[in-house]
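Okay, let's get going. You'll have the sequence and the structure up in a second, and I'll talk you through how the inside is put together.

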Amino acid sequence: MSNVTVIGTQWGDEGKGKIVDWLASRADIVVRFQGGHNAGHTLVVGEQVYKLSLLPSGLVRGKIGVIGNGVVVDPKALMTEIDRVTAQGLVVTPETLWIAENAPLILPVHGALDRAREAARGEHKIGTTGRGIGPAYEDKVARRAIRICDLAEPETLDWKLDELLLHHNTLLAGLGAETFTKEQLKDFLTEITPRLLPFSCQVWDRLDEARRAGRRILFEGAQAVMLDVDHGTYPFVTSSNTVAAVAASGSGVSPSSVGFVLGIAKAYTTRVGEGPFPTELHDQTGRTLGERGHEFGTVTGRPRRCGWFDAVLIRRAVRVGGVSGIALTKLDVLDGLDEISICVGYELDGQKIETFPSAPGAQSRVKPVYETMPGWKETTAGARSWAELPAQAIKYVRRIEELIEAPVTLLSTSPERDDTILMRDPFED
Ligand code: IMP
């Protein structure tokens, strides 16, 4: 029996929510290990619709939820989310939610700096969610972050706030944005401390105990490999590593605990925010995919850019992300198309290339080389077995497997949790 780590393989929004929810029902503990409240997904359970950004999905299934040290925690956003799901009937207590005491906090200065910098970037803006994610991670590696454990030490907090404000106010003033006073930040922290501290603990120790007791752990990645700060379309990326290796360092467990790595891929491609996207479609097909797939950002509501499946990018995500198997989602959105294209290579300045380049100029000049196959007229929506799929849809999935050099171990055919075709149970691997 293995643990399972779920990561996105494209630019996020691959439909992780449904897959993670399905897997969470089979796990004991669900762990978030990177990102923050820039992530977002909607879980439908019976009559209830839960919108989660920071809370691990397992809470919805009555499992223990863990926020690891690799996550940046906005305490206000967290409390608002806890209040919202509590009003919907969930029970969130220090017994069911463990938050790493060494996780860094997102403070009001971070959101302010994120937004001021985006405004100053003009046409080179990244299209961030504006939630302070980047500045909070910068503070972590610059060793000036306020971590949850600091809240219990007023004397530490005092000098750390001085250092933090010196840095941020200099930048905010330079950008013509409003600066912050120490009192403002102290008031913010004083208000959230009594609610936040009781959830904090040494997550690594509890996870180690759980592992020894043979409990099943699901690591829930946010964003996706193409948004990884090292392996993605830098600088149009998020500020954390999103690959499966980070499940270990982002929660304090051994690399061998990561287990089966399930990479989520949509049967086509979408992206929110700015940055290169070789297979983006600006025509009616792109609009059709967006409409049928309801492609609007969960966090920001922005319409997502849509395009064909890019097998070259996913093959790279499979390799650098350590993906053992793929969960292919939203196959039904392709139903009824006359033809479907898959990107199998690129052309850069008249030369054929087989991998995606690293420099942003080259990334934006790359032209996809397509392989086109006939579509299928039948509906795949709601299929629950391989036998229910049209032959042409099976061909499409098989061709994807060949090109990305990884098996499709799970296929999702509608937003409904049970409309899933399971080829291999990742927990049994
Ligand atoms: P940030 O994470 O807010 O700094 O945003 C950086 C980039 O990552 C932007 O292009 C965002 O749109 C994108 N991004 C961040 N989180 C998500 C997500 O959960 N899904 C899709 N894109 C995301």
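So, the nonpolar core. This is a predicted model, and in it the largest nonpolar core has 109 residues. The members that touch the most other members are Leu78, Phe309, Ile326, Leu328 and Tyr396. Take Leu78. If you ignore its neighbours within four places in sequence, what is Leu78 in contact with? Leu54, Leu55, Ile67, Val73, Ile99 and Leu196. There's also another core lying apart from the largest one, with 16 residues, and that set includes Val6, Leu23, Phe260 and Ala327. As a general point, nonpolar side chains in soluble globular proteins tend to be buried together.

Right, on to the sheet. It's an open sheet of ten strands with mixed pairing, and the order goes β7-β6-β5-β2-β8-β1-β9-β13-β17-β18. Which strands stand at the edges? That would be β7 and β18, residues 420-422; each has a single partner strand, so one side of each is left without a neighbour in the sheet.

Let's walk in from the β7 end. β7 is residues 200-201, and two bridges join it to β6 in parallel. Ile99 is the residue opposite Ser200 there. Now look at β6 itself, residues 97-100, where both faces are covered. Leu97 and Ile99 are on one side, Trp98 and Ala100 are on the other, and all of them are buried. Trp98 has something else going on: the charged end of Arg206 sits over its ring, 5.1 Å from the centre.

Next in is β5. β5 and β6 are parallel, with three bridges between them. Two partnerships to click on here: Ile67 is bridged to Ile99, and Val66 is opposite Trp98. Remember that Ile67 and Ile99 were both on the contact list for Leu78. The connection between these strands goes through α2, residues 75-87, and β5, α2 and β6 together make a β-α-β unit. Which hand does that unit have? Right-handed.

Keep going and you get to β2, residues 29-32. Four bridges join β2 to β5, residues 64-67, in parallel. On the other flank, β2 pairs with β8, residues 217-220, again parallel and over four bridges. Val31 is a nice place to park the view, since it stands opposite Val66 in β5 and has Phe219 as its bridge partner in β8. In a regular strand the side chains alternate between the two faces of the sheet. In β2, Ile29 and Val31 point one way, Val30 and Arg32 point the other way, and all of them are buried. Yes, that includes the arginine, Arg32.

Now jump to the far end. β13, residues 325-329, runs parallel to β17, with three bridges, and Ala327 has Leu410 as its partner. Ala327 is the one I listed a moment ago in the 16-residue core. How many of the residues in β17, residues 408-412, are buried? Five of its five. Then β17 and β18 are joined by three bridges, but this pairing is antiparallel, with Leu410 opposite Leu422.

A quick stop at α1. Nine of its nine residues are buried. Those include Lys16, Lys18 and Asp21 as well as Ile19, Trp22 and Leu23.

Last topic, aromatics. The structure holds three aromatic pairs, and I'll show you two. In one, the ring centres of Trp11 and Phe277 are 5.2 Å apart and the planes are at 50°, so the pair is tilted. Where do the two partners sit? Trp11 is in the loop between β1 and α1, Phe277 is in the loop between β10 and α9, and they're 266 residues apart. Both Trp11 and Phe277 are buried.

The other one is Tyr346 with Phe356. Their centres are 5.5 Å apart with the planes at 55°, so that pair is tilted too. Tyr346 is in β14, residues 339-348, and Phe356 is in the loop between β15 and α11, ten residues apart. Why do we call Tyr346 and Phe356 buried? Well, buried means under 20% relative accessible area. Tyr346 is at 0%, so it counts as buried, and Phe356 is at 5%, so it does as well.

Okay, that's the tour. Who wants to drive the viewer?

Conventions
Residues numbered from 1 in each chain as written. Predicted model: local features only at pLDDT ≥ 70, side-chain atom pairs only at ≥ 80, totals over all residues. Heavy atoms only, no water. Buried < 20%, exposed > 50% of the residue type's maximum accessible area, 1.4 Å probe, protein only. Pairing = 2+ DSSP bridges. Right-handed = clockwise from strand over helix to strand, strands pointing away. Core = buried A, V, L, I, M, F, W, Y, C linked by side-chain atoms within 4.5 Å. Contact = heavy atoms within 4.5 Å. Phe/Tyr/Trp six-rings, centres within 6.5 Å; stacked < 30°, edge-to-face > 60°. Lys NZ or Arg CZ within 6 Å of the ring centre and 35° of its normal.
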